[in-house]
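Visitor: I should like to go through the aromatic side chains of this model and their surroundings. May we proceed by question and answer?

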Amino acid sequence: VQLQASGGGLVQPGGFLRLACTLSRGGFSAMGWYRQAPGKQRELVARITSGGATDYADSAKGRFTISRDIRKKTVYLQMNNLKPEDTAVYHCNAGFGHVNYWGQGTKVTVSS
């Protein structure tokens, strides 16, 4: 299974970005976005199940929205009101039962 992440970039504080992660096959049980800032551990940002149930890190609640398009095999992360502390490499993850797959990551930089 391959995951292709896109949508990162440079944005000013208060701005927005939408990340996308497209899978090479459907049928995932859950997908999530994680991020890793320099010098920090990778952390969960948001997760969505195939049924549409969502879960967010406290730092993402109210600002980020995860969604999926099953037909397109794509999961999105809409990020609004971005802050400098959101700067990180964002990785998508897909779970198929007990097996997890990772995408290559897309860099998000929030800076004025």
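Visitor: How many aromatic pairs does the structure hold?

Guide: This is a predicted model. Rings are counted as a pair if their centres lie within 6.5 Å. On that criterion, the number of aromatic pairs in the structure is two.

Visitor: Which geometry, stacked, tilted or edge-to-face, describes the pair of Tyr 34 and Trp 102?

Guide: The ring centres of Tyr 34 and Trp 102 are 5.0 Å apart, and the planes make an angle of 65 degrees. Planes over 60 degrees apart place a pair in one class. The pair of Tyr 34 and Trp 102 is therefore edge-to-face.

Visitor: How many residues apart are Tyr 34 and Trp 102, and in which strands do they lie?

Guide: Tyr 34 belongs to strand β4 (residues 30-36), while Trp 102 belongs to strand β10 (residues 99-102). The pair thus links distant parts of the chain, its members being 68 residues apart.

Visitor: Is Tyr 34 buried or exposed?

Guide: The relative accessibility of Tyr 34 is 19%. Because the limit for burial is under 20%, Tyr 34 is classed as buried.

Visitor: What is the class of the pair formed by Phe 96 and Tyr 101?

Guide: Phe 96 is buried at 12% relative accessible area, whereas Tyr 101 is partly exposed at 27%. Their ring centres lie 5.8 Å apart. Because the planes stand at 80 degrees, the class is edge-to-face.

Visitor: Which residue lies over the face of Trp 102 and also joins His 91 by a side-chain polar contact?

Guide: Trp 102 itself is partly exposed, with 40% relative accessible area. A residue lies over the face of its ring, at 4.5 Å from the ring centre. The side chain of His 91, a residue of strand β9 (residues 88-96), makes a polar contact of 3.5 Å with that residue. The residue is Arg 42.

Visitor: Is His 91 buried or exposed?

Guide: Beyond four places in sequence, His 91 touches several residues, including Trp 33, Tyr 34, Arg 42 and Trp 102. Its relative accessible area is 11%. Since this value is under 20%, His 91 is buried.

Visitor: Which strand gives the most residues to the largest nonpolar core?

Guide: The largest nonpolar core has 29 residues, and Tyr 90 is one of those with the most contacts inside it. Among the strands that each supply at least two residues are β4, β8 (74-79) and β11 (106-110). The strand that gives the most, with five residues, is β9.

Definitions and conventions:
Residues numbered from 1 in each chain as written. Predicted model: local features only at pLDDT ≥ 70, side-chain atom pairs only at ≥ 80, totals over all residues. Heavy atoms only, no water. Phe/Tyr/Trp six-rings, centres within 6.5 Å; stacked < 30°, edge-to-face > 60°. Helix = DSSP H or I, 4+ residues; strand = E, 2+ residues; numbered from the N terminus. Buried < 20%, exposed > 50% of the residue type's maximum accessible area, 1.4 Å probe, protein only. Lys NZ or Arg CZ within 6 Å of the ring centre and 35° of its normal. Polar contact = N/O pair within 3.5 Å; in protein donor to acceptor, adjacent residues only side chain to side chain. Contact = heavy atoms within 4.5 Å. Core = buried A, V, L, I, M, F, W, Y, C linked by side-chain atoms within 4.5 Å.
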